[in-house]
Amino acid sequence: MKLIIDELEERISKAMESVAAVRLCAAVVRPAADAKFGDYQANGVMALAKQVKTNPRKLAEEIVANLDLSDMCEPPEVAGPGFINLRLKADFLAARLLEINGDADRLAVDKAAGRKTIVVDFSSPNIAKQMHVGHLRSTIIGDAICRMLEFLGHNVIPQNHIGDWGTQFGMVILGLWHVCMAEEKYAGQEPYYRTELEEMKAHATDRKTLEDICRRIRKRQEEDWREDSYESTGDGKKLFRPFLDKLPTRDESVLWGKILSAYQYMNMLEETIAGMGLRNPTLVDGKVQDIPFELLSRHVTAMLQKGGKQNQQECDAWAHVRRLTMKQCNEIYRLLNVTLNDSHVRGESAYNDDLPGVVADLKKAGLAGESDGAVCVFPEGFKNKEGQPLPFIIQKSDGAYLYATTDLAALRYRVYKLKADAIVYVTDSRQKLHFEMLFAVARAACWAGEDTELTHVMFGSVLGEDGAPLKTRSGENVKLRELLDEAVERARAVVEQKNPELSEADKVKIAEAVGIGAVKYADYSNNRTSDYVFSFDKMLAMEGNTAPYMQYAYARIKSIERKAESKDVDIETELASVKELTLADAAELDLAKHLIRYGEAVAAAAADYRPNYLTSYLFELAQKFSAFYTNCPVLSAEPAKRPTRLLLCDLTARTIKHGLGELLGITVVEQM
RNA sequence: GCGCCCGUAGCUCAGUAGGAUAGAGCAUCGGUUUCCUAAACCGAAGGUCGCAGGUUCGAGUCCUGCCGGGCGUACCA
């Protein structure tokens, strides 16, 4: 069914148009600012009065006289300087409730008028790294957006644009090679990539000792590399090739831990050796050549990107690490109850072959040119520090491509191949300028026309209690896994305290739903554009706008339904046979009027990609239900009142379950 | 320097085209349990919407200046 607010907007706008003889009037219908003004108010008459230079109250009176809302509202009232106040009729309200009751799947929320193909770009973790708190917001906000748009009937294409290509992959591959050496050649010893990492950290300020350590590492690396061969020096055929081949059979969690360590080791090593003047041999075009040690990983990156038979090992190593990373990510997605899966992954590497074409096409179009050795586009309206045009760099002076290039290639793919009507990028607000320029270039190149909507759905940072971006005590990013585990653990402690008699299985289930739900809900309930302070205590509090409060409201309703049996109340029959409602108590009316507005909340949240509009609605719903619950007994109500109250309970439960569960991916529990 | 975002109750935040007396939650104070989960409910108190101008019948919302904070700003993503 059509949203009430839209229906009112349409009818009042038409009345305004005919009374004032002005085309395209806006009634500006909003929920009433105060319940004493009714349920809705139209604010647009004052602006119209100004436009046609007439008295707003008088104009409002005329509009009301030309308006027939008798099927929905009590006679409209003109108030204040020219507001039109509207109060829904009781029988209209009742009819709506019954309509919702009859629609189990959609709660009588219509699909959007025009079905669009919408690409949503979100989550985007990096290969060979663990997901950390920085990925939380993109992942869950993006998921909520997908779920809402999908529910509204759009063709949603989630895209997980993972960081699986780029300059750091040489380090990833070298890291894996170190894992191999530690296991195969130095088996039985503590892996050197771990001990040496600690060593480098310990002497971080002692340059002399660091140099000694790095020389030793370099020397061993050269020896290992020379030995790892059968046919020609450093071909990797002796140890690395067999190591790669048996990777698929390994215990993945153990291997994953090693990869993470080795990657950290490579990062540290490369940073440390810079400027030491060390050189190391490697194969360049089939010949052994000395190159600066710190350039080794970039050399390996180049081998990977070149591909082909000679670089098969590099490609295989990359593929293994990529596969393992996605397994870890999928595990987090499962925990977070996010719908992303492997079919949505289309990472940077997928666009690798398109990048030269992107640059060539932009050059051909006269948009891109060389500047200081780099290929740049200078979109209109962007200035740098000196007031000069700001470059959007699409190819570095060394020939390498950047994320600007990849994003352009992806955008083009999404418009041309996926037929996107809209592309939504869910990333943090620091990338605002990047996306503004990206969109400007895409428009200039006509890769996105006026009818293609490009939106940067940005969000703020997650802060610690100290107001700085959330980090561990040692200054590292907080691992998402650890964060979620702690939330579940804390929720478990509360369940244990509040409801010790529950079964172990129930406790586990409730703790996960409440813990994860709390983290997600806390994020959703904040305005996404602002930073927020992460606090377990606040998000797990049972009071206030939190997941547990919502889940508790739901659990109470389910409890009523369970109790019904022992009181010989057949809920199903009573609900199915309810034809007339007896909405009398203030709490009943208040709850009923809120229930019929679910569709408005979903539409508002989806239109602006703001989940907090939905959480606000749900919180108010739970509050109104709680008031109803304390004031209006259900099972012990007199027979005339009971069906209505049961219906209100059931609709509230279904709405919470739909909003929380289906649209936000927060699990509800039957008891807690 | 320039650009963008932010500044609302003691704290954390809403405020969806410029609309009526600026709202929640937490914390504080007071009340509610023979009754469906008190993980709850009801009430009280709490504000110069950073400051100063301007536009408007009407400004937390739009414009200008200032103060304070965050982020970004040519080869990271």
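Select E331 to begin: with a relative accessible area of 31%, this glutamate is partly exposed. Keep in mind as you click around that this is a predicted model. Now add R334, whose side chain forms a salt bridge with E331, the closest N and O atoms being 3.6 Å apart. R334 is partly exposed too, at a relative accessible area of 48%. Color helix α12, residues 312-336, and you will see how the pair is arranged: R334 and E331 are three residues apart in this helix, so about one helical turn separates them.

Stay in helix α12 and pick Q313, which also sits there. Is Q313 buried or exposed? Its relative accessibility is 12%, so Q313 counts as buried. Show the side chain of Q313 and follow it to the backbone oxygen of D235, which it reaches at 2.7 Å.

**Helix α8 and its salt bridges**

Next, select residues 207-227, which make up helix α8, and show R215 and E211 as sticks; they lie four residues apart in this helix, about one turn. Their side chains meet in a salt bridge, with 3.2 Å from N to O. Both partners are partly exposed: R215 has 41% relative accessibility, and E211 has 22%.

Slide along helix α8 to R226 and E222, another pair spaced four residues apart, about one turn of the helix. Here the closest N and O atoms of the salt bridge are 2.9 Å apart. R226 counts as partly exposed, at 36% relative accessibility.

Before moving on, select K185, E196, R220, D224 and E227 together. Salt bridges link these five residues in a network. If you turn on every salt bridge in the model, the count comes to 51.

**A stop at the cysteines**

How many disulfides are there? The count is zero. Select C180 and C315 to look at one case: C315 holds the cysteine sulfur closest to that of C180, but the two are 17 Å apart, too far for a bond. C180 is buried, with a relative accessible area of 0%. C376 is another buried cysteine, at 3% relative accessibility.

**Zooming out to the domains**

Pull back and color chain A by domain. Domain 1 covers 4-87, domain 2 is built from 117-125 + 134-163 + 343-454, and domain 3 runs over 169-306. Taken over C-alpha atoms, the centres of domain 2 and domain 3 are 34 Å apart.

While you have domain 2 in view, find Q431, in the loop between β12 (422-428) and α15. Q431 is partly exposed, with a relative accessible area of 24%. Draw a distance from its C-alpha atom to that of F459: the separation is 9.9 Å, although these positions lie 28 residues apart along the chain.

**Along RNA strand B**

Now select RNA strand B and show the protein around it. There are 67 residues surrounding the strand, and the closest are K36, F83, K396, Y552 and S559. Of the atoms of RNA strand B that come within 4 Å of the protein, sugar and phosphate account for 55%.

Which helix or strand gives the most to the surface near RNA strand B? That is α23, with eight residues. Select residues 611-631 to highlight α23; among the other elements that each supply at least two residues are these:

- α2 (44-51) and β4 (83-86)
- β10 (374-377) and α15 (432-444)
- α16 (480-498) and α19 (547-566)

Color the surface near RNA strand B by residue class and you will find 34 nonpolar, 18 polar and 15 charged residues.

Finish with three close-up views of polar contacts to the strand:

1. Select Y403: a polar atom of its side chain lies 2.8 Å from a base nitrogen of RNA strand B.
2. Select M542: one of its polar backbone atoms is 2.3 Å from a phosphate oxygen of RNA strand B.
3. Select L635: here a polar backbone atom is 3.2 Å from a base oxygen of RNA strand B.

Technical notes: Residues are numbered from 1 along each chain as its sequence is written. Chains are lettered from A and ligands numbered from 1 in the order in which they are written. This is a predicted model: local features need pLDDT of at least 70, side-chain atom pairs count only at pLDDT 80 or more; totals for chains, interfaces and linings use all residues. Side-chain values use heavy atoms; hydrogens and water are left out. Domain bounds come from an automatic or database domain assignment. A residue is near a molecule or strand if one of its heavy atoms lies within 4 Å of it. A polar contact is a pair of N or O atoms within 3.5 Å; within protein, one must be able to donate a hydrogen and the other to accept it, and residues adjacent in sequence count only if both atoms are side-chain atoms. Ala, Val, Leu, Ile, Met, Phe, Trp, Tyr, Cys and Pro count as nonpolar, Asp, Glu, Lys and Arg as charged, and the others, Gly among them, as polar. A salt bridge is a side-chain nitrogen of Lys or Arg within 4 Å of a carboxyl oxygen of Asp or Glu. Buried means under 20% relative accessible area, exposed over 50%, partly exposed in between (1.4 Å probe, protein chains only). A disulfide is a pair of cysteine sulfur atoms within 2.5 Å.
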